[in-house]
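Me: I'm new to this structure and would like a close look at a single part, the open sheet with its helices. After that, could you walk me through a few other spots worth a glance?

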Amino acid sequence: MNPNTFEIIISGRVQGVGFRPFIYNLAKNYAIKGFVTNNELGVLIHAVAEEKTIDAFYEQIFLQKPVNAEIIYHRKNSISSTEIYNTFYIKNTAVNLRIDIPLTPDFAICESCSSEILDPKNPRYYYPFTTCTQCGPRYTITQKFPFERINTTINKYVMCENCLQEYKSSDDIRFHSQTNSCPNCGITLKLTHNSGEILSQTNAEIFKIIAEKLTLGKIIAVKNTAGFVLICDATNEKAVEELRVRKIRPTKPFAVLFENTETIANYLEINALEKKALNAAEAPIVILPIKKAGDLAINQISPNMETIGAMIPNSGTLRLIMENFSNPIIATSANFHGSPICCNEKEATKTLKEIADYFLHNTLRVLHPQDDSVIKYSEKQSQKIFLRRSRGFAPNFLNFERPKCDKKILCLGSDLKNTITILPNTNCYVSEYIGDLANYDTYIRFEKTIENYGKIFNFEPKVVLYDAHPKYVSSNFAQTMDNHEDPIYFQKIQHHKAHFSAILGEKNLWNSEKKILGIIWDGIGFGEDKQIWGGEFFEYHKNQMNRIGHLEYYPWVLGDKMSKNPKISALSISDANPIFRDYFDDNGWNIYSKVIEKPTIKTSSMGRLFDAVGFVLGFTETIHFEGEAALYLEKIAKKHYLSSKNTLIDYLENEKLIDNIIPTKLLFDAVISAKSNEISAGEIALNFHYTLIKCIEKVATTNKIHTLAFSGGVFQNALLVDLIIEFMSKGFEVHLHENLSPNDENISFGQLNYYLNIKN
């Protein structure tokens, strides 16, 4: 027996981040013998040395761990062993492990690899798929776990002698890099015309031609590591407008790719926090205020907005494009508006032929296509807000506190901004943003995502959770899953209770002894009273959740038409006020007036109230993308908020909220009155936001609740978030989403949390 053998287990995001080669080199430094290997819980280490040496080694693991590693659990204990080790080595992973670890997301290209592909003397010069243990695709190419080359789509590329030598050399940055490849043995490129004609298959020439075509105003579909993006010159007004026309995207802003954060600073306001986010391994798009338009085609890039979604190259492909083209570039998901991102040559050439003039294809097989993640920070409080959580972050939710439950669970989420969540083991996995399931191609992607998770985890759910809306596509999908031979337990969960559960789960509030007020505001969700909810107050205490208040009901008028036409919301809330008569033809006025007079369905939607106020204050157009009117309202309110010292007015200051109900019409009439008194639209918009904050305060005070939790798409509004923190954080404990989006992307995670924790 060897009394100096110690077993160390490290769990968390420790596969696909260079953890084993790191442990190998650290053990060598301490003259430790033994091995390191992947196991079902993460990384397993057997180490033989004096205990004080092991203690020092163990301490350094946490101080020096790879930059992209996340350690959730660790354990060290002495074990009895007869094994004799002559050295320390990386042991092959056992086959057919039942993995119970976070999946590793994709990482942006690191500085070291980026410099190699730009160095004419380097053998990887102009090879865009240059990666190391700290960067490159991970989840995108994963067939199953553990993260070994054999379990990825890059396995088809057999390492050449030089790559194999790097892989085996402990002092090389590619020591044990599972995605290692080079021009001699790796992924190949080709540039084609949209007719299919091949223009070039030589890397250096390809990127030179792309720059020439961008200069000519052409649109190019580029296969990046997580799927296709559409690019064009962001300084060419005609090119950007043509992309809008072809993509059928009238007004929704485009993201812009810049060379680096220094270039971004020439055009946009950017602080240290935002720079850090852009340069991080996740490399999201970050929404930034416009400082100086310069040569950017601002009106075409971001119509009616004063912000731009900025990004820097997250892959070798985008890095080489920027190296050859001096201007900022539009970089947007390669799809028609509402459809999922394309990920392979056949799909892309069929779908994008009418959009792209040219295609850059590569031979890397993408299994899990993902859009770029999008975040922003609130102006004054620097609160992080996810607008879309996808590449770089999905599919993990780390630090998930799971109650005892041995059931395998599938959560189908919502129809808009769909994600799915699964619980196949002790870890929780929240998928990348999938999209709107009303779109057929997106629905197929939704089904494929569920199928892929089944393969990765050998997963068959015993519990399926879905939204309570009877007409949701995701809810109908649940009904097709019933297997009478091996029955599945199905449970529908109310939309806003799922939202509330999502923030309770994210902030680990389930075991709080205090009562918690849930402020859940969004567009729509099917309510338990068969009305359309959207402006809700809930109380949570000791595994009980109850609705205690809401925005006062008003008529729900023709569903989708109401959500696309702010004037209909204004008409409904105002009880068909004649001041809106000129905005409707005779037929429309008669139809809407009758529905408003005798509504069959009513709503408490806060989203539609924002639309209505936006309409009164100047947004009179049809809505082309979700939240467009609310973004306008936020913009004019924020400008007023930042431009002057404000004496804020609570439009409902003298009103008690009877039964915790916000009087919708009274608030809206106050907005109309202020407008008729020629108060500026920005001031009214700001006071509208402030009034809502005071309403929350009244409900919390009346119910003697001091812990507040916010969820729902309305809380993507950065001004509203700033006001919450400014005016409520001193007297209340405030919880806002930081690791999940407040919008419907969090519904699937909320469904899981509701099922695991709510008893009523």
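Reply: Here is a walk through the sheet, followed by salt bridges, cysteines and some backbone oddities. Keep in mind that this is a predicted model.

Let's begin with the sheet. It is an open one built from 5 strands, in the order β4-β1-β3-β2-β5, and the pairing is mixed. At the edges you'll find β4 (70–78) and β5 (88–90), each of which pairs on one side only. From one strand to the next, the twist averages 15°. If you want to see one pairing up close, go to strand β2, residues 33–39: β2 and β5 run in the parallel sense and share 3 bridges. There, F35 stands opposite Y89 in β5.

Now add the helices. Helix α1, residues 19–29, packs on the sheet and touches β1 (5–13), β2, β3 (42–48), β4 and β5. The direction of α1 makes about 175° with that of β5. Helix α2, residues 51–64, lies across β1, β3 and β4, and runs at about 175° to β4. So much for the sheet.

Next, the charged side chains. The salt bridge count comes to 29. A handy one to look at is R246 with E242, where N and O are 2.9 Å apart. These two residues sit 4 apart in helix α6 (residues 237–247), so about one helical turn separates them. E242 is partly exposed, at 32% relative accessibility.

Another pair is R391 and D372, whose closest N and O atoms are also 2.9 Å apart. R391 is in the loop between β16 and β17, while D372 is in the loop between β14 (358–362) and β15, so this salt bridge ties together parts that are 19 residues apart in sequence. Both ends are tucked away: R391 is buried, with a relative accessible area of 3%, and D372 counts as buried too, at 12%.

K542 and E513 form a salt bridge as well, at 4.0 Å from N to O. Here K542 belongs to the loop between β24 and β25 (544–551) and E513 to the loop between α14 and β23, so the pair ties together parts 29 residues apart in sequence. K542 is partly exposed, with a relative accessible area of 49%, whereas E513 is exposed, at 60%. There is also a network of salt bridges, which links E116, R124, E166 and R174.

Then there's E539, a residue of strand β24 (532–541). E539 is buried but has no salt bridge, and the nearest side chain of opposite charge, K515, is 4.2 Å away. The cut-off for a salt bridge is 4 Å, so a nitrogen-to-oxygen distance beyond that doesn't count. Leaving aside neighbours within four places in sequence, E539 is in contact with F500, K515, I516, Q544, M545, N546, I548 and I705.

What about the cysteines? A search of the whole structure turns up 0 disulfides. Take C135: the closest cysteine sulfur to its own is in C110, 3.7 Å away, which is too far for a bond. C135 is buried, at 0% relative accessibility. For C411, the closest cysteine sulfur is in C428, at 7.7 Å, again too far for a bond. C411 is buried as well, with a relative accessible area of 0%.

Last come the backbone oddities. Most residues other than glycine have a negative phi, and most peptide bonds are trans. With that in mind, look at the bond from F145 to P146: it is cis, with omega near 15°. P146 is in the loop between α3 (111–117) and α4 (161–168). The peptide bond from A394 to P395 is cis too, with omega near 5°, and P395 lies in the loop between β16 (384–388) and β17 (396–397).

As for phi, S382 has a positive value of about 55° although it is not a glycine. You'll find S382 in the loop between β15 (374–377) and β16, where it is partly exposed, with a relative accessible area of 34%. N508 also has a positive phi, near 50°, and is not a glycine either. N508 lies in the loop between α14 (495–506) and β23 (516–526) and is partly exposed, with a relative accessible area of 33%.

Definitions and conventions:
Residues are numbered from 1 along each chain as its sequence is written. This is a predicted model: local features need pLDDT of at least 70, side-chain atom pairs count only at pLDDT 80 or more; totals for chains, interfaces and linings use all residues. Side-chain values use heavy atoms; hydrogens and water are left out. Buried means under 20% relative accessible area, exposed over 50%, partly exposed in between (1.4 Å probe, protein chains only). Lys and Arg count as positive and Asp and Glu as negative; His and the chain ends are not counted. Contact means heavy atoms within 4.5 Å. Two strands pair if DSSP finds at least two bridges between them. Axes are lines fitted to C-alpha atoms, for helices over the stretch in contact, and angles run from 0 to 180 degrees between N-to-C directions. A disulfide is a pair of cysteine sulfur atoms within 2.5 Å.
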